[in-house]
Amino acid sequence: MRRIKNKLLTLSLAASFFAVGANALNLDEAVNIALEKNNDLQIQNFDYIESIQNVKANNANFLPKLDLAYGYNNRDKVNATQTKEDGTLSAKISYNLFNGFKDVATKKSSKYLSESSKYSLEALKQDTVLNTKNAYINYLDKVNAQETYESEYTLFEKQYTDAQNKYDQGLVARNDLLQVQVNMSSAKQNVVRAKADVKIAKLELSNILGGMNLKGETIEPLHEKNLNIKTYDENILDQRSEIQALKMSLESVRNQQKATKGSFYPKLDASFSHNRFYDDLGFDEVDSGIDNQNVANLSASWNLYNGGSDDNQIAIYKTRMSKLKTQLVKTSLDIKLQYENAKSDLEVANDNYETATLSLAQAKENYNIVSNRFNEGISSSTDLTDANFLLTSAKQRFSRAYFDKYLSIATLHRIVEAK
């Protein structure tokens, strides 16, 4: 009978973590809200949008340029070939025929940089999901701690009432009554501290959700179904967003280096302009008959020496590429270490959860036995106090073990970027 009772107790307490409340914020909703409203994520998204706009801006280098200009002159002294006033209206279209492949390399560099920003955004999304789960779990953990301390305080209140009655009957000494009173006061302090922890934990969750007002919001307990452990292929670690972002950054710097090397090549530009001449500011055309002028121009330039600036810039890009290659190796090693740590932590959390479940049932049974013996006058007040402390500790370990297991699974999901 006791075994059945203990099993029902364990299942009942576990169900308090898994129960679903109506019209409450659940973990999946919290994650979706964070992905939409998290401030850090929005900042990173603006960086990604800017990188896309930068790619479009570089496309302008492959299009012709059109300029319209007007010049007006008013002279106090003129010679025989000049007029006191004249104006010139000019329309010019120009196009770069060759720029040492700088524009091509610059465009590629901006594309790779945009891809790098995209992967960085994806990595931050994964971090945001994990941070949201962490904050969500932390809040539930603090709430559970508060409930545990409140339960402890309630038991001490009952114990104090019983001890007071026994003291009035002369069955217990005054120091035993005072000891229970001290323990009850200490338990009350734990409740006050736990309530403050719950408040801070809720604010932390609110910040991750972009400042969402959680006042009066019911935070739904976790679902046991999410404790399922999956098997992952270690090879997918090489596809992590952080690694892809570094690869794209490396390609971007490589093309920046190519763009700089384009300075060693000549440049070739072509232009065509149409000019109209006027006698004054009123757009009165000149009487000489030369009122229209078409000018075609083809120009080539080649910088032979610029103080070694290009050579130094190429060396800088080479150093940056070496740095990024080293970061790639380090990041890959760090991710694999994270993966092994996460698997190990999950194994430990799983074992702790099973042990804590058993310990909780045993602590509950022990408290019931001691409480009954205390009521019968067999056990002392100290024995009941110890049993209460043991039960409170077992409840906290059970809660912590469950949340650690859930967080270990969430961490493993983040490392392999599981959807």
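**Note on aromatic contacts**

1. Tyrosine 265 has a relative accessible area of 41% and is therefore partly exposed. The model is predicted, and this value, like the others below, is computed from that model.

2. Tyrosine 265 forms an aromatic pair with phenylalanine 98. The geometry is edge-to-face, with 6.4 Å centre to centre and 90 degrees between the planes. The centre distance falls within the 6.5 Å limit for pairing. Phenylalanine 98, at 26% relative accessibility, also counts as partly exposed.

3. What does this pair tie together? Phenylalanine 98 belongs to strand E2 (residues 85-98), while tyrosine 265 sits in the loop between helix H6 (241-261) and strand E3 (267-278). The contact therefore ties together parts that are 167 residues apart in sequence.

4. Tyrosine 402 and phenylalanine 403 form another edge-to-face pair, at 5.6 Å centre to centre and with 65 degrees between the planes. Are these two residues buried or exposed? Tyrosine 402 is buried, at 0% relative accessible area, and phenylalanine 403 is buried as well, at 1%.

5. Tyr402 and Phe403 also belong to a cluster linked by ring pairs. The other members are Tyr353, Phe398 and Tyr406. In total, the model has 8 aromatic pairs under the distance rule.

6. One contact of another kind concerns a charge and a ring: lysine 107 lies over the face of phenylalanine 62. The distance from the ring centre is 5.2 Å.

Definitions and conventions
Residues are numbered from 1 along each chain as its sequence is written. This is a predicted model: local features need pLDDT of at least 70, side-chain atom pairs count only at pLDDT 80 or more; totals for chains, interfaces and linings use all residues. Side-chain values use heavy atoms; hydrogens and water are left out. Rings of Phe, Tyr and Trp (its six-membered ring) pair if their centres lie within 6.5 Å; planes under 30 degrees apart count as stacked, over 60 as edge-to-face and the rest as tilted. Helices (H or I, at least four residues) and strands (E, at least two) are DSSP runs, numbered from the N terminus. Buried means under 20% relative accessible area, exposed over 50%, partly exposed in between (1.4 Å probe, protein chains only). A charge sits over a ring if NZ of Lys or CZ of Arg is within 6 Å of the ring centre and within 35 degrees of the ring normal.
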